[in-house]
Amino acid sequence: MSFKIEAVVVCWTWLLLIFLYSMDESTLLKNLAFQFGIEAFHQPQVNVLRAFFNGKHTYFSAPTGYGKSVVFQAVPRYFEELRPEISNPVLLVFSPLIALINDQIKAAGDSCIMAISLDKTVTDECYEDIKAGTYSLVYACPEVLETKRWRMLFSDSEFVDRCIGVVVDEAHVMVEWGKSSNESTKAFRESYSKIVELQSLLSSKARFMLFTATATSATQATIFSMLNLQSNDVYCEIYHPNKNNVRFTVEQISMGKEDGRYLVNFFDFIMEEIIAKKEHTCKTIIYVNTRKEVNLLNNGMASKLGVDLFLSGKEGNPRYRLVEEFHAYSPQSVKNHVLAQASILESHLRVIICTSAFGMGVNVKGFNRCIHFGPPSTVESFVQEVGRVGRDGSPSESILMFHKSLATHASSDMVEYAGSHVKCRRDFLMVKFPGTYSSLSNCTCCDLCSNVCQCKEPNCCKKLKQLNVNAQAPVTERRRNVSMAERDELRGLLNDFRMEIFNKKKNLKQVSLPNLFHEFTEYHVKQVMVNVTKIFNIQDLKSRVEIWRTRHAIEVLKIINSVFHDIEIDQMEQLNLEEEPLGLDDASFMNDT
């Protein structure tokens, strides 16, 4: 259930007072706006509502935050009032992520709209309530189309009579996830290709509502094709994703064979800014392509920053870190904390290191810099992620750090975008999207346009200082010879230490955070063994092994010394563990109220 019974009674009593009498569309829209807590519906939102009500499929492309979800959440009440012959109308909503579904169900509940998600928690009683139209919005991931129980629901006559349409939210992922790039491989989420089957399962009167923030003209055409829609049958309302306040820059970086291990060194300029400005650092989102890179960069920054990782006066308190990470497998407590801080304009959080998981449906405020370490897979993904910054209209920047070794998964368009032969980076991206936009072709447009800018303004972007983004790996000239016997001894001692950590964490009374079990694993043991000939100090160790905690690094260094007896113990004893940064996945955070 998405509401407690008391909340349901209050909501329906309130709605009854508003909708007790028959009303025209104008009055209905005013009441709906009041219900959703907005001043009024924008005309494009009204246009989509009307077109869908009049039997058209609809396609709505607009920036995140424009109010697309409000449109489909208003549909059942719109039908109920203006087409009363449909009793308890229901809208079926497909969304790609469970987190998005949960957020939208909560938002619907805040607006006194009954909503539910089709998942394994749905009881037989709830199932009957869904059929009866108790819930106006029925959310689901497309995988429900693979399940017999839900396919039976979609063909049940009682549900079919009430279902007035099918929403596909974040519709661009139908193409990115629902189609395979070649015949020899399966699509990431094949279920998206089965949404079209609802045309036969549901009543012929059911129509599609498609919503997206970023879809190129080619992607839009593919979406229509996947759903067997003719363009003449679809009402389209399209806002171009271009934002003139965002400047596009590509930084070509140098990477040797081992430079991936020194990822943190590419971001020295960010850490220098944090040390100098602390909580006044430009709010920045750093996108990397893997969870491993997220952990490596986050831990590297924490190690280098030390007490500067924290808000002034809050040193050591994990709730007040200036840098945080976010990926699909981050503990829920960490996700909640980061999302909450990102939505506060005056938040202390300055830098979010993340994968694409920090994307769809995320509400961020006050962020003005987006950095990609390597290109995302598609132009749509890139434009959507860049769209997180500059939402308030203030000058912002997108920086893509590019090297060919980071682009193996990227589309040819993204590789071409990063090249020097394109005339304007903004134009290269924006012409791929439907709708119109205004070219800038000046220093505020992109790095290529600034190279030829003749504006002679004192703040011309042509005069911006070039970023120093090329990592320099620490040089260790010393090498040790390691015998097979010494390797076997070292491996045994490291595994003993690994099990010691595991057993300690397993015995904690409150462990709801999986990262506690991944602080020193077989993977880290392997990293130490591969690099053991070059590890003589704490810097050598941290640059070559993705180790989380300084105290663990010291213990590993002591273990290495117990085998080879060639490390200066004094330098380990001088390390100050009191200044070791804590993470949000510490038990202390869970117990801190």
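This report walks through the fold, the cores, an aromatic pair and a few loop residues of the structure above.

**Overall picture**

Please keep in mind that this is a predicted model. The protein chain has 593 residues, and 54% of them are buried. Its secondary structure comprises 24 helices and 13 strands. Of the contacts between residues at least 6 apart in sequence, 73% join residues at least 24 apart. The accessible surface of the protein chain is about 27,200 Å², with carbon and sulfur atoms accounting for 51% of that area.

**Two nonpolar cores**

As background, nonpolar side chains in soluble globular proteins tend to be buried together. Here, the largest nonpolar core contains 46 residues, and Phe 154 and Leu 210 have the most contacts inside it. Helix α9, spanning residues 173–178, gives this core its largest share, namely four residues. A separate core of 39 residues lies apart from it, with Val 246, Phe 248, Val 334 and Cys 445 among its members.

What does Leu 210 touch, once neighbours within four places in sequence are set aside? Its contacts are Thr 58, Tyr 59 and Phe 60, then Val 168 and Ala 171, and finally Ile 223, Phe 224, Leu 227 and Leu 229. One of these contacts, Phe 60, also belongs to an aromatic cluster with Tyr 66, Phe 72, Phe 211 and Tyr 239.

**Helix α3 and an aromatic pair**

The structure holds 19 aromatic pairs. In general, such a pair is described by the distance of the ring centres and the angle of the planes. For Phe 53 and Tyr 78 the centres are 5.3 Å apart and the planes stand at 80 degrees; since edge-to-face pairs have planes over 60 degrees apart, this pair is edge-to-face. Phe 53 sits in helix α3 (residues 43–53) and Tyr 78 in helix α4 (residues 68–82), so the pair ties together parts that are 25 residues apart in sequence. Both rings belong to buried residues: Phe 53 has a relative accessible area of 14%, and Tyr 78 one of 2%.

Helix α3 as a whole is mostly covered, with eight of its eleven residues buried. Those eight are Pro 44, Gln 45, Val 46, Val 48, Leu 49, Ala 51, Phe 52 and Phe 53. Just after this helix comes Gly 55, with a positive phi of about 95 degrees.

**A β-α-β unit**

Further along the chain, strand β10, helix α14 (residues 332–342) and strand β11 make a right-handed β-α-β unit. The two strands, β10 and β11 (residues 351–354), run parallel and are joined by four bridges. Within this pairing, Val 323 has Val 351 as its bridge partner in β11.

Side chains in a regular strand alternate between the two faces of the sheet. Strand β10 (residues 323–326) shows Val 323 and Glu 325 pointing one way, with Glu 324 and Phe 326 pointing the other. Are these residues of β10 buried or exposed? All are buried, the two Glu residues included.

**Four residues in loops**

The table lists four loop residues with their relative accessible areas.

| Residue | State | Relative accessible area |
|---|---|---|
| Asn 88 | partly exposed | 32% |
| Ser 95 | buried | 1% |
| Cys 112 | buried | 15% |
| Ser 347 | buried | 4% |

Most residues other than glycine have a negative phi. Asn 88, in the loop between α4 and β2 (90–94), has a positive phi near 50 degrees. Cys 112, in the loop between α5 (98–110) and β3 (115–117), likewise has a positive phi, near 60 degrees.

Ser 95 is placed in the loop between β2 and α5. Leaving aside neighbours within four places in sequence, Ser 95 contacts Leu 100 and Ile 101, together with Ala 140, Cys 141, Pro 142 and Tyr 192.

Ser 347 takes us back to the β-α-β unit, as it lies in the loop between α14 and β11. With neighbours within four places in sequence set aside, Ser 347 is in contact with Lys 283 and Gln 341. Its C-alpha atom is 9.7 Å from that of Tyr 320, although the two residues are 27 apart along the chain.

Terms used: Residues are numbered from 1 along each chain as its sequence is written. This is a predicted model: local features need pLDDT of at least 70, side-chain atom pairs count only at pLDDT 80 or more; totals for chains, interfaces and linings use all residues. Side-chain values use heavy atoms; hydrogens and water are left out. Buried means under 20% relative accessible area, exposed over 50%, partly exposed in between (1.4 Å probe, protein chains only). Two strands pair if DSSP finds at least two bridges between them. A crossover is right-handed if, with the strands pointing away from the viewer, the path from the first strand over the helix to the second runs clockwise. A nonpolar core is a set of buried Ala, Val, Leu, Ile, Met, Phe, Trp, Tyr and Cys residues joined through side-chain atoms within 4.5 Å. Contact means heavy atoms within 4.5 Å. Accessible areas come from the Shrake-Rupley method with a 1.4 Å probe; for residues, only the protein chains shown count as cover. Rings of Phe, Tyr and Trp (its six-membered ring) pair if their centres lie within 6.5 Å; planes under 30 degrees apart count as stacked, over 60 as edge-to-face and the rest as tilted.
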